Structures are given as C-alpha cells and as structure tokens.
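Here are my comments on the model, as numbered points. Please read them with the structure open.

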Amino acid sequence: MKSLIVIAVCVGAFIAAPLFIVVPMSFSNAPSFQFPPPGYWLGYYEQYFTDYHWTIPTANSFIIATATMLLTMALVVPAAFGLARNRFFGRSLVNYLIMAPLMVPHIVVALAYYLFFGPLHLTGTHLGVILAHTCLSVPVAFLIVTATLKGFDRNLERAAMSLGAGPMATFFYVTLPVLRPGFLVGALFAFLHSFDETTVAIFIAGGTAATLPRKMFEAIRLESDPVIAVVSTLLLGLVLAGTVISVFVRQRNEKKATMYAD
Amino acid sequence: MRRPLVRAWMLVAPVMVFLAVTFLFPLLEIFVLSVSGTNHWADAYVEFFTTDFYNIILLRTFGIAFFVTVFCLLLAYPLAYVIVRVGGGLGFGLLLIVAMSFWTSFLVRIFAWLVILGNRGPVVGVLEWFAPGDAPEVLFTRFSVVIGLVHGMIPFMVMAIYASMRKIDPNNLRAAASLGATPLQGFRHVFLPLSLPGVVNGCTLVFIICAGFYVTPVLLGGAQDQMIAGLIGQQIEELLEWEAASAMAMVLLFAILVLYALYNRFVGLDKLWG
C-alpha cells in the first residue's frame, strides 16, 4: 500500500505541477516563453487588460457563452420534460439525436459549420458561434437536466394539485423550486462548455467574433505572445476558486442534510 | 393521436428542429460533398486510401490514441485506487487536483507543456547540463504530443474509474479476507473485476477523444506527428480541399461510430456518460 500511495502522489504531482507553472510565467518579463523567468514585472497583466486584441475576445467569450447557455436551456428543459415523462414511439431515436453532438469529433463539426455557415454569411459572426456552441452544449445540459428530473418525486406535484393548485401554480411553486439547483448546474455546464470550446471556434470564430480560446490558440501557434501566461493564470485562478466554492457548498449542504436527519 | 403524445412531441420539437437544421444538415452536407467526385463519386475516398501519406497519418492517429489510452490507464488506475481505498485528506486532495485539471482549459495545459519542454525550459536546461551542446529536441516530437495528450486525458480516465470503484462495497473485500484471501487475491478476484466497467468506460472515452483531437497534436507536435484531425484542419485552412477534407472527416466519423456501436453492443451507450 505504501508504494501505491507513492505512485499516486507522483501521478498527482504530474497532473498538478504543469498547471501551476503558468503562475510564475505570468509575472515574467521575458519576451518569449522562458522558464525559469529571467525577471519579474506586471507589464503583461497591463497588456491583457488594456490591449483590445485580448479584451474583445474575452468579452466575446462571455457574450457567446451566456447566449449559448440561455438558448441551450430553452431547448433542453422542455425536451427533458417531454422525454422523462412520456413513453412514445421514436423516443429513443430522439434521445440519440440529442446526444449525437457529443459523439461527433469537434474537427468534423468544425468542417461542417465552416462549409454550412459560409454561404449564409454566418462565419465570423456571434450568431454563428452561438448556434454552433448551442449544438455542442445541448447533450451536456440534457444529461444533467434529465438526471435531475429522474430524481424528482411526482407525488409532490400530485399533492399540490390535490390541494387546489392549477398546473401553472404547481409548476412555479413546487416543480421549479425543487429542480432549480439541477437546472442551474446544467446551465453552468452549458456556459463552461461554450467558454472552453476551442476547435470549432478556431475555424468559424474569426474576425470580430473571435473567442478567448481562439485568441489563445493563435497566441501560442503564431505569435508566442507572453500574454497567454497571464490569461492562463487568470483562468487557473477561476478554476481554483470554482473548485473551492463547490467543495464549500457541498460541505454546507451535507451539514444541512445531517441537521434535518437529526 | 392521444393528447399527452401531442404534448410530448411539442416539448421535444424545438430541440429536434434545431439539431436537424444546425447539426444534421451540415453533417449531411459534408457527406454529400465527400461522395461527389468529378470522375467517380468515390474519388476522394480512393485518393485517401491509396495515398501512403494519408494511410500513415490514419495509422499514426490510432497508434497514438492507443498508447495514450494505455499510459492514461496505467497512471490513473493506482491514483483512483488510492483516492477510493485510502481516502481521507490525501484522497480528497488528489481528487481535487484531478477535478482542477479537468476544468482547466486544454490550451492552458498545452501552454504549460510548451514552457516545460521548450528550448528555454527546465527539461532542456537539465539535459543541456548533462550533455552540453547536443541535448535532444524534446518539443515538437512524438514524445511531447503523447505527454500532452496523456496529461490532457488523464482526468477523464480517473473520473471514469473512480466512479465505478466508489460503488464497490468494502464488505466484499472483508468477506474475501474472512474466507482466507490474501489482500492481493482479494484485489485480483474481487476488486479488479468490479472496477472493470470503469476501466472500459475510461478507455473508450479517452481513445475516442484522442483519435479526433485537434489542438494538442497541432500545437505540441512537429510535421511528423500530425494526426487526422490536424490533417483535416490543414485541408480547410491552407489547401482549401473541401472534398478531401470531407472524405477524411467521414472516415474519422465512421471509425468513431464503429467504436460507439461496439461499446453499445457490449455495454450499452447510456452507461458511457452515466
């Protein structure tokens, strides 16, 4: 067991160490990628926050991810209700179609959109990227929303109706509040899926609709732009904060659950 | 039609229409393009399968995906085992590291490897120290592609194995021990078989994602390390060969759908993303 623990810690270090190397890199004053850094300054942070080559893609990513999230949820929530609560002919086919975008490699999707959007003048527009990202986010959000629905006890709705609540009141006062946390997680996944998506964005998000991952890809491949270290550090900070918050929330919920159990 | 049925279809219709127009139709379009050669409908496919250069890239793609899957499994299994069986602060810490890596953009991780393996990075620095003047190139080689992909895919593998290991009731192992099994025998005959569904899941996911992955080989590999996704990208960006690109995309898609079909036949597709 001792040697296993040593192996596991080594693998853990292999996973974690490269993530944190970007932090000292972001304070480096070297004009290219160099480690250890020859000296330190904050110039690249200033450049990231002021240079429109970086600020516009960052804003685009937030806009596109938010729109993708809203559109995805608008499509997924009704579909999940329809599929979870009804048995009908063609149901499994519908299920396969909704999951299909998860199964097709992104490079194939990228090629398809490149050719499809071209004649429609959607390449390099926000709308094009939003449509493409919504397709890719639908299966992810669908999995989570469906899992939430499966855990829902419909007797709660029957109880509300038996006490005189109409279908709308039942939905908004009983069903939705119970399911809301699951829906929010689904929405968050849709947002992150779009915010992180790289391959399709590289091919269709040109010009004014460039997203942050696309800009990062170019910064690495074409320019060796050191600002990439700043972006990486900020993204890593967000992930770290998100992980800590989710652990904190889970512990609080568990405490609550045990309180109710007592 | 019965009323509830109409309602169900009305709820499902928007997403169906959306996916039909913005997903199925574009895919159908590249399929049609791939079979519309000027001389013969299958020109692009014939060209692809008779050109050594393309065949080598196809074989290389599956070769690299295979090795990355094996390496991921070898590293992830002990890690998941310690997370589940040792647990406590150590297990929790390791699980957090995996989760963090999972949520960190691929580009951030690729950038990190560019720095680590690059000419002015620590690895080459150490190599220079041992062999001044003729340290081997590390970046833009097969080695850097594989290490970048393994690092990128390992969270998927750990998550899949962890999910199935967590469901194993420790009482099974106690029962085995009480019947005289040594810890190793208990692992071999009880724990390992029960964890296999997670292993199969993880390997399937990692292999499939790897085989179609674009960013890592393009950024960390040299010309000799390109995989089929990179080839498709090159046809789009530089050569503007839509027909060839479409045929390659169809070959890749077909290979991956065969894998999904096999998985569905033996395990059941609904368990893959469980």
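1. H1(A) and H3(B) come first. This is a predicted model. H1(A) and H3(B) are roughly perpendicular to each other, because their angle of about 115° falls within the 65 to 115 range. H1(A) covers residues 2-20 of chain A. The axes of H1(A) and H3(B) lie 8 Å apart, and H1(A) passes H3(B) in a left-handed crossing.

2. Which residues make this contact of H1(A) with H3(B)? From H1(A) come Leu4(A), Ile5(A), Ile7(A), Ala8(A), Val11(A) and Gly12(A). H3(B) supplies Leu75(B), Pro78(B), Leu79(B), Tyr81(B) and Val82(B). By class, that gives 10 nonpolar, 1 polar and no charged residues.

3. H3(B) also packs within its own chain. H3(B) (residues 52-85) meets H7(B) (residues 142-166) at an angle of about 45°, with the axes 7 Å apart. The two helices are therefore oblique to each other. Their crossing is right-handed. The contact of H3(B) with H7(B) has 25 nonpolar, no polar and 1 charged residues.

4. Now the whole contact between the chains. Chain B gives 66 residues and chain A gives 63. On the chain B side, H1, H3, H4, H5, H7, H10, H11 and H12 each supply at least two residues. Thus H3(B) and H7(B), the pair in point 3, are both among the helices that touch chain A.

5. Which helix of chain B gives the most to the side that touches chain A? H1(B) does, with 16 residues. H1(B) spans 3-34. By class, this side of chain B has 53 nonpolar, 10 polar and 3 charged residues.

How values were computed:
Residues are numbered from 1 along each chain as its sequence is written. Chains are lettered from A and ligands numbered from 1 in the order in which they are written. This is a predicted model: local features need pLDDT of at least 70, side-chain atom pairs count only at pLDDT 80 or more; totals for chains, interfaces and linings use all residues. Axes are lines fitted to C-alpha atoms, for helices over the stretch in contact, and angles run from 0 to 180 degrees between N-to-C directions. Helices (H or I, at least four residues) and strands (E, at least two) are DSSP runs, numbered from the N terminus. Angles under 35 degrees count as roughly parallel, over 145 as roughly antiparallel, 65 to 115 as roughly perpendicular and the rest as oblique. A crossing is left-handed if the near helix is turned anticlockwise from the far one by less than a right angle, and right-handed if clockwise. Ala, Val, Leu, Ile, Met, Phe, Trp, Tyr, Cys and Pro count as nonpolar, Asp, Glu, Lys and Arg as charged, and the others, Gly among them, as polar. Two residues are in contact if their C-beta atoms, placed from the backbone, lie within 7 Å.
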